[in-house]
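Subject: Handover of a structure, with notes on its contents

Dear colleague,

Please find below the structure that I am passing on to you. My notes on it follow directly after.

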Amino acid sequence: MIVGNKILLENTRRGGYAVPAFNVDNLESVLGVLHAAENTDRPVIIQTIPRTLRYGGIPVYSAMVRSLYKGNPDISIHLDHGGDVGICKACIDAGYTSVMIDGSALDFDGNVGLTKQVVDVAHPLGISVEGELGTIGGKEETQSEIKYTEVSEAEEFVLRTGVDSLAIGVGTAHGVYKGVPHIAVDRIEEIAAKINTPLVLHGASGLSDEVIIACIKAGISKINFATQLRQAFTQGLKEGIAENPEAFDPKVYLPKAIQRVREAAEKIILLCNKNA
Ligand SMILES: [Zn+2]
């Protein structure tokens, strides 16, 4: 079934696994991720950022997922990094089952207020909401300083907003890492000890397998992978063209890109379910 993140993430901590969330950009990445989910028979979250929605149109991606989905395993269709109530509403109208509202650039009370507004719109419709507290580095941030999520603030935030999951800042960054990142696994543990709300790790592309396993063990329930999938798609596209230099029909060289996305996604799914 296509369900909300709340349902997908419900048993993660007890089960010792995390659900990977894959950012898709086109038909080929949707096909690759769905094939990976079918082959591994494990739940996945398929998500898009607002920039992708501006590129292809809000109704397009959920329509692709819904028409290609075969019924198993459970998946959700999620908005990643929604910036305002309007885009969350538009995605819900387009068939998304889960939305993220990212108010992390606001002050604490502003973030609570904005997030609560989205929760009030989404929950009556059965739609899950992810909030963000603290800062995650990389391209989606304007500030250069990374602020780790405070335990007491996380407790107050989930209590006041009623979010279904919470993205926390523990040293990860979006995009490609320069050097080895330091991830505060102990901070994940401290937050998980205080709140039952599933915790989300952004910016996981480029983290070692060991660090990802440690983060899941510490209490992370959802892990976002965007860069890694985009790299797999682009590598497959280049290979497909190199192997078929005379081809002009995209259906000849794009299957290689689907294959590379599927392989990358399968590897990630198995990693996230390693201790399940
Ligand atoms: Zn993110």
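A residue is called buried here when its relative accessible area is under 20%. His202 has a relative accessibility of 0%, and therefore it counts as buried. Please bear in mind throughout that this is a predicted model.

**The zinc site**

Three histidines act as the protein donors of the zinc ion: His81 through NE2, His174 through NE2 and His202 through ND1, at 1.9 to 2.0 Å from the ion. Their spacing along the sequence follows the pattern H-x92-H-x27-H. His174 sits in the loop between strand S6 (165-168) and helix H9 (185-194), while His202 sits in the loop between strand S7 (199-201) and helix H10 (209-218), so this pair ties together parts that are 28 residues apart in sequence. Both His174 and His202 are buried.

The remaining donor, His81, is located in strand S3. Its relative accessibility is 10%, so His81 counts as buried. The backbone of His81 deserves a remark as well: its phi is near 60°, a positive value in a residue other than glycine.

**Surroundings of His202**

What do the side chains of His81 and Asn224 have to do with His202? The side chain of His202 makes a polar contact of 3.1 Å with that of His81, and a polar contact of 3.2 Å links the side chains of His202 and Asn224. Setting aside residues up to four places away in sequence, His202 touches Asp80, His81, Met100, Glu130, Glu132, Ile136, Ala167, Thr172, His174 and Asn224.

Gly203 is also in the loop between S7 and H10. With a relative accessibility of 9%, Gly203 counts as buried. The C-alpha atoms of Gly203 and His174 are 4.3 Å apart in space, although the two residues are 29 apart in sequence. Beyond its neighbours within four places in sequence, Gly203 is in contact with Thr172, Ala173, His174, Tyr177 and Asn224.

**Pockets**

The largest pocket holds about 210 Å³ of space. Its lining consists of 13 residues, and those nearest its centre are Asp209, Gln228, Lys267, Ile268 and Leu271. At least two lining residues come from each of H10 and helix H12 (250-272), and H12 gives the largest share, with five residues. Sorted by class, this lining has eight nonpolar, two polar and three charged residues.

The second largest pocket contains about 170 Å³ of space. It is lined by Lys6, Leu9, Glu10, Thr12, Arg13, Val163, Asp164, Asn196, Thr197, Pro198 and Ser221. Helix H1 (5-9) and helix H2 (12-15) are the elements that give two or more residues to this lining. By class, the lining of the second largest pocket comprises three nonpolar, four polar and four charged residues.

**Helix H6 and strand S4**

Helix H6 covers residues 85-93, and its buried residues are Val85, Ile87, Cys88, Cys91 and Ile92. An α-helix has 3.6 residues a turn, so residues three or four places apart point the same way. The cover over the buried residues of H6 includes helix H4 (50-56), helix H5 (58-68), strand S3 (75-82), strand S4 (98-101) and helix H7 (108-122). At the start of H6, a side-chain oxygen of Asp84 comes to within 3.0 Å of the backbone nitrogen of Gly86. Gly95 follows H6 and has a positive phi, near 105°.

Ser98 belongs to strand S4. Its relative accessible area is 0%, so Ser98 is buried. The side chains of Ser98 and Asn5 are joined by a polar contact of 3.0 Å. Not counting residues up to four places away in sequence, Ser98 touches Asn5, Ile77, His78, Leu79, Ile127 and Ser128.

**Further backbone features**

Which form does the peptide bond from Asn72 to Pro73 take, cis or trans? That bond is cis, with omega near -15°, and Pro73 lies in the loop between H5 and S3. Asp41 has a phi near 55°, which is a positive value in a residue other than glycine. Asp41 is placed in the loop between helix H3 (27-40) and strand S2 (44-48).

With kind regards

Notes:
Residues are numbered from 1 along each chain as its sequence is written. This is a predicted model: local features need pLDDT of at least 70, side-chain atom pairs count only at pLDDT 80 or more; totals for chains, interfaces and linings use all residues. Side-chain values use heavy atoms; hydrogens and water are left out. Donors are N, O and S atoms within 2.8 Å of the metal (3.2 Å for Na, K and Ca); water is not among the atoms, so sites may look incomplete. Helices (H or I, at least four residues) and strands (E, at least two) are DSSP runs, numbered from the N terminus. Buried means under 20% relative accessible area, exposed over 50%, partly exposed in between (1.4 Å probe, protein chains only). On a 1 Å grid over the protein atoms alone, a cavity is a set of points where a 1.4 Å probe fits but cannot get out, and a pocket is an open set with protein on both sides within 12 Å along at least five of seven lines; lining residues have an atom within 4 Å of a point. Grid points are joined across faces, edges and corners, and a volume is the space filled by probe spheres set on the points. Ala, Val, Leu, Ile, Met, Phe, Trp, Tyr, Cys and Pro count as nonpolar, Asp, Glu, Lys and Arg as charged, and the others, Gly among them, as polar. A polar contact is a pair of N or O atoms within 3.5 Å; within protein, one must be able to donate a hydrogen and the other to accept it, and residues adjacent in sequence count only if both atoms are side-chain atoms. Contact means heavy atoms within 4.5 Å.
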